[in-house]
Amino acid sequence: MIVDAKPYEYTFDPEKTALLVIDMQRDFCEHGGFGEMLGNDISEVTAIIPQVGKVIDHCRSLGMPVIYTKEGHLPDLSDCPPSKLRRSKKQGAGIGDMGPMGRIMIQGEPGNDIVPELYPKEEDIVIHKCGKGSFYKTALEDNLQEKGIESLIVTGVTTHVCVQTTIREANDRGYECLLIKDASAAYDRADHLASLQMITQQGAIFGWTADTESLLKA
Ligand code: TIU
């Protein structure tokens with residue numbers, strides 16, 4: 001399939017492509033979550049939920065694996081670097097502290113769950129990650145290799161943090177990444193736009209970008 005994309009056409013084989021849905025969890029997308037407690041306005045992020053849903057439906061209809069990630073930590077915080085813990089507390093969003101949606105950024109707490117509008121299905125893969133990148137200390141690469149995946153369509157939040165870190169990790173591992181630009185968001189639109197530029201510059205130095213409509217047309 002050929003998608004009208006930047007910096008030039010993106011070609012993928014649905015049988016060798018997976019969809020990544022990065023961190024569309026309540027902690028980043030809902031009021032009272034980690035993202036808002038860090039001092040962000042969440043409106044750019046909530047606005048993409050319907051678009052992410054469209055991309056998920058489309059990729060499912062093509063038979064592609066759908067892989068969700070969730071950023072969070074074990075209840076005993078043993079997988080949270082002291083530096084990350086310290087900085088979260090200093091910013092007023094202490095990881096592991098009690099918040100409006102349970103303990104902040106802790107696996108199994110309501111805030112760590114995927115937003116109801118995009119809830120995973122039984123057959124989907126859900127990856128727990130403790131870092132910003134989806135490959136760091138996870139089984140993602142093994143999952144992709146088992147399925148013979150060579151390309152990744154990427155959605156989720158936030159573009160300049162977990163999404164871009166994941167695309168950089170994937171690029172170094174040889175995956176061809178397409179970021180769906182209206183199915184990803186940063187809290188600040190300038191960060192989102194800067195990320196798109198960084199990904200596509202120098203002849204797709206990290207990958208491609210396209211909008212949902214172009215993907216659906218392909
Ligand atoms: N703070 C912020 O913009 N993002 C994160 O902390 N994690 C993700 O991007 N998922």
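How far does a polar side-chain atom of Thr158 lie from an oxygen atom of the ligand? In this predicted model, the separation between the two is 2.9 Å. Once bound, the ligand has 92% of its 280 Å² of accessible area covered by the protein, where the 280 Å² refers to the ligand on its own.

**Around the ligand**

Let's start with the site itself. The ligand sits in the largest pocket. The residues around the ligand are Asp23, Phe28, Leu38, Glu71, Lys132, Val157, Thr158, His160, Val161, Cys162 and Tyr187. By character, this shell divides into six nonpolar, two polar and three charged residues. Which helix gives the most to the shell? Helix H7, spanning residues 159–172, does so with three residues.

Thr158 is one of several residues whose polar side-chain atoms can be paired with a ligand atom. Here are the distances to look for on your screen:

| Residue (polar side-chain atom) | Ligand atom | Distance |
|---|---|---|
| Asp23 | nitrogen | 2.7 Å |
| Lys132 | oxygen | 2.9 Å |
| Thr158 | oxygen | 2.9 Å |

**Backbone features to look at**

Thr158 also deserves a look along its backbone. The peptide bond leading from Val157 into Thr158 is cis, and its omega is near -20°. Both Val157 and Thr158 are among the residues around the ligand, so to speak of the bond is to speak of the shell too. Thr158 itself is placed in the loop between strand E8 (151–157) and H7.

Where else can a cis peptide bond be found? One joins Lys6 and Pro7, with omega at about 0°. Pro7 belongs to the loop that runs between strand E1 (2–3) and strand E2 (10–11).

Met105 has a backbone feature of another kind: its phi is positive, about 60°, although Met105 is not a glycine. You will find Met105 in the loop between strand E6 (102–103) and strand E7 (125–129).

**The protein as a whole**

Stepping back, the fold contains nine helices and 10 strands. Taken along the principal axes, the C-alpha atoms fill a box of roughly 45 × 35 × 30 Å. How does the radius of gyration fit with the number of residues? A compact globule of 218 residues would have a radius of gyration near 17 Å, and the protein has 16 Å, so the value agrees with that expectation.

Notes. Residues numbered from 1 in each chain as written. Predicted model: local features only at pLDDT ≥ 70, side-chain atom pairs only at ≥ 80, totals over all residues. Heavy atoms only, no water. Near = heavy atom within 4 Å. Polar contact = N/O pair within 3.5 Å; in protein donor to acceptor, adjacent residues only side chain to side chain. Areas by Shrake-Rupley, 256 points an atom, 1.4 Å probe, with all protein chains shown as cover. 1 Å grid on protein atoms, 1.4 Å probe; cavity = no way out; pocket = protein on both sides within 12 Å on 5 of 7 lines; lining within 4 Å. Sits in = over half its atoms within 2 Å of the grid points. Helix = DSSP H or I, 4+ residues; strand = E, 2+ residues; numbered from the N terminus. Nonpolar A, V, L, I, M, F, W, Y, C, P; charged D, E, K, R; others polar. Rg over C-alpha atoms; globule rule 2.2 N^0.38 Å.
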